[in-house]
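Please walk me through this protein structure, from the way its chain is packed to the spaces left between its residues. An explanation in connected paragraphs would suit me best.

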Amino acid sequence: MLGYFKYLIKKNFYPFLLRDKFSATTQIAQIQLKQQYLEAKKKGMLPNFNDTGFKVFSQFEEDGKLLFLFSILGTENKTFVDIGSNDGINSNCANFAINFGWHGLFLDADKKAIAIGKHFYNKIPNKWSLKPIFKTAFISPENINSLISSEGFNGSIDLLSIDIDSNDYWVWKAIECINPKVVVIESQLAFGKENLIVPYINKVNNALENDNYYGASTFALNKLAESKNYRLVGSNNYGNNLFFVKNGFEEIDLPKIEIEETLNHAYAKKQMISFEKIKNYKYIQE
């Protein structure tokens, strides 16, 4: 009953409760910040990537870092694909969808979350805006390309976000139908600098043996990224969300960094200590 009550609150009151996040003041402030970045780029005085984060809709400070990235990179077509989007509100793509008019696909297996997201976006920012597409499906390497392309997303897009708390590595590896300029993907900090990937977790057997026994290490994701012609340019403060940029775009202003630079936060170090409990589990190295 409590869960259903929370669902009703989210569905019916989110547009009111979150109204400050898509107010004219919020939008103008971000537009001004974007212009400041462009001016700083001309003068060769861009801030450090790590100092650009802030939260509007994202879970942590990804919104600010993505605004910084696309201020420097520019946009191809203002499109995104968000895999593991939940309701599409607490999302790496929501700020662009709501405050900058981007179009995209929110993809998640949770029907209730998708229903909340649909209702929210139908109310804001206004009834005439182009609404994002919501799709409910269990996501796997086998179906991810058809799920994306069936909704009309193919070729170049600006942003791909992957956060499904399990098979992120395997899903990104399988994606071929889109060519994103920027990829944000969750890493498993418990694995530290090791090249470790948890074997694919299927729909039937999806119970996690341990809270940290899922996903792939920063090292493994970086190796996959390089095979797809991407470079690591940073992470969120905790180090568990990685930002990759397609090679050939703004390599001077957005240089490649080493994976160690994403593992310095106290939270990351605490997570790495927990690896002792799961070090003898089954892993894959590619």
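A residue is called buried when its relative accessible area is under 20%, exposed when that area is over 50%, and partly exposed in between. The model discussed here is a predicted one, and this scale can be applied at once to Asn 229, which counts as partly exposed because its relative accessibility is 39%. Asn 229 is placed in the loop between helix 8 (218-227) and strand 6, and its phi is near 75°, a positive value in a residue other than glycine. Asn 86 can be read in a similar way: its place is in the loop between strand 1 (79-83) and helix 4, and its phi is positive, at about 55°, although Asn 86 is not a glycine. With a relative accessible area of 36%, Asn 86 is partly exposed, since this value falls between the limits for buried and exposed residues.

For the protein as a whole, buried residues make up 52% of the 286 residues, and the secondary structure consists of 9 helices and 7 strands. The C-alpha trace spans about 55 × 55 × 35 Å along its principal axes. A compact globule with 286 residues would have a radius of gyration near 19 Å, and the protein has 19 Å, so the value agrees with that expectation. Among the contacts between residues at least 6 apart in sequence, 71% join residues that are at least 24 apart.

The interior can be approached through the largest nonpolar core, which has 37 residues and in which Leu 66, Leu 69, Phe 120, Tyr 121, Leu 159 and Val 182 touch the most other members. The elements that give two or more residues to this core are helix 3 (62-73), helix 4 (94-99), helix 5 (111-123), strand 5 (178-186) and strand 7 (241-246), and helix 3 gives the most, with 7 residues. A second, separate core has 36 residues, among them Val 81, Leu 160, Ile 162 and Tyr 230.

Leu 159 offers a closer view of the packing. Leu 159 lies in strand 4 (residues 155-162), and its relative accessible area of 0% is under the 20% limit, so it is buried. Leaving aside its neighbours within four places in sequence, Leu 159 is in contact with Leu 66, Phe 70, Thr 79, Phe 80, Val 81, Asn 92, Cys 93, Phe 96, Trp 102, Pro 180, Val 182 and Val 184. Leu 159 and Val 183 are 24 residues apart in sequence, while their C-alpha atoms are 5.9 Å apart in space.

Ala 268, found in helix 9 (residues 266-273), also has a relative accessibility of 0% and therefore counts as buried. When neighbours within four places in sequence are left aside, Ala 268 is in contact with Leu 189, Tyr 238 and Leu 263. Ala 268 and Gly 215 are 53 residues apart in sequence, and the distance between them is 15 Å from C-alpha to C-alpha.

The spaces between the residues can be considered next, beginning with enclosed ones. A search of the whole structure finds 1 cavity of 30 Å³ or more, and the largest cavity holds about 80 Å³ of space. Its lining is formed by Lys 34, Leu 67, Phe 70, Ser 71, Thr 75, Lys 78, Phe 96, Phe 100 and Trp 102, which divide by class into 5 nonpolar, 2 polar and 2 charged residues. Helix 3 gives the most to this lining, with 3 residues.

Among the open spaces, the largest pocket holds about 610 Å³ and is lined by 25 residues, of which Gly 84, Asp 108, Asp 163, Ile 164 and Asp 165 lie nearest its centre. By class, the lining of the largest pocket has 7 nonpolar, 14 polar and 4 charged residues. The second largest pocket contains about 230 Å³ of space, and of the 15 residues that line this second pocket, Asn 48, Phe 49, Val 233, Pro 255 and Ile 257 are the closest to its centre. The lining of the second largest pocket is made up of 8 nonpolar, 5 polar and 2 charged residues, and the largest share of that lining, 3 residues, comes from strand 6 (residues 230-235).

Technical notes
Residues are numbered from 1 along each chain as its sequence is written. This is a predicted model: local features need pLDDT of at least 70, side-chain atom pairs count only at pLDDT 80 or more; totals for chains, interfaces and linings use all residues. Side-chain values use heavy atoms; hydrogens and water are left out. A nonpolar core is a set of buried Ala, Val, Leu, Ile, Met, Phe, Trp, Tyr and Cys residues joined through side-chain atoms within 4.5 Å. Buried means under 20% relative accessible area, exposed over 50%, partly exposed in between (1.4 Å probe, protein chains only). Helices (H or I, at least four residues) and strands (E, at least two) are DSSP runs, numbered from the N terminus. Contact means heavy atoms within 4.5 Å. On a 1 Å grid over the protein atoms alone, a cavity is a set of points where a 1.4 Å probe fits but cannot get out, and a pocket is an open set with protein on both sides within 12 Å along at least five of seven lines; lining residues have an atom within 4 Å of a point. Grid points are joined across faces, edges and corners, and a volume is the space filled by probe spheres set on the points. Ala, Val, Leu, Ile, Met, Phe, Trp, Tyr, Cys and Pro count as nonpolar, Asp, Glu, Lys and Arg as charged, and the others, Gly among them, as polar. The radius of gyration is taken over C-alpha atoms; the globule rule is 2.2 Å times the number of residues to the power 0.38.
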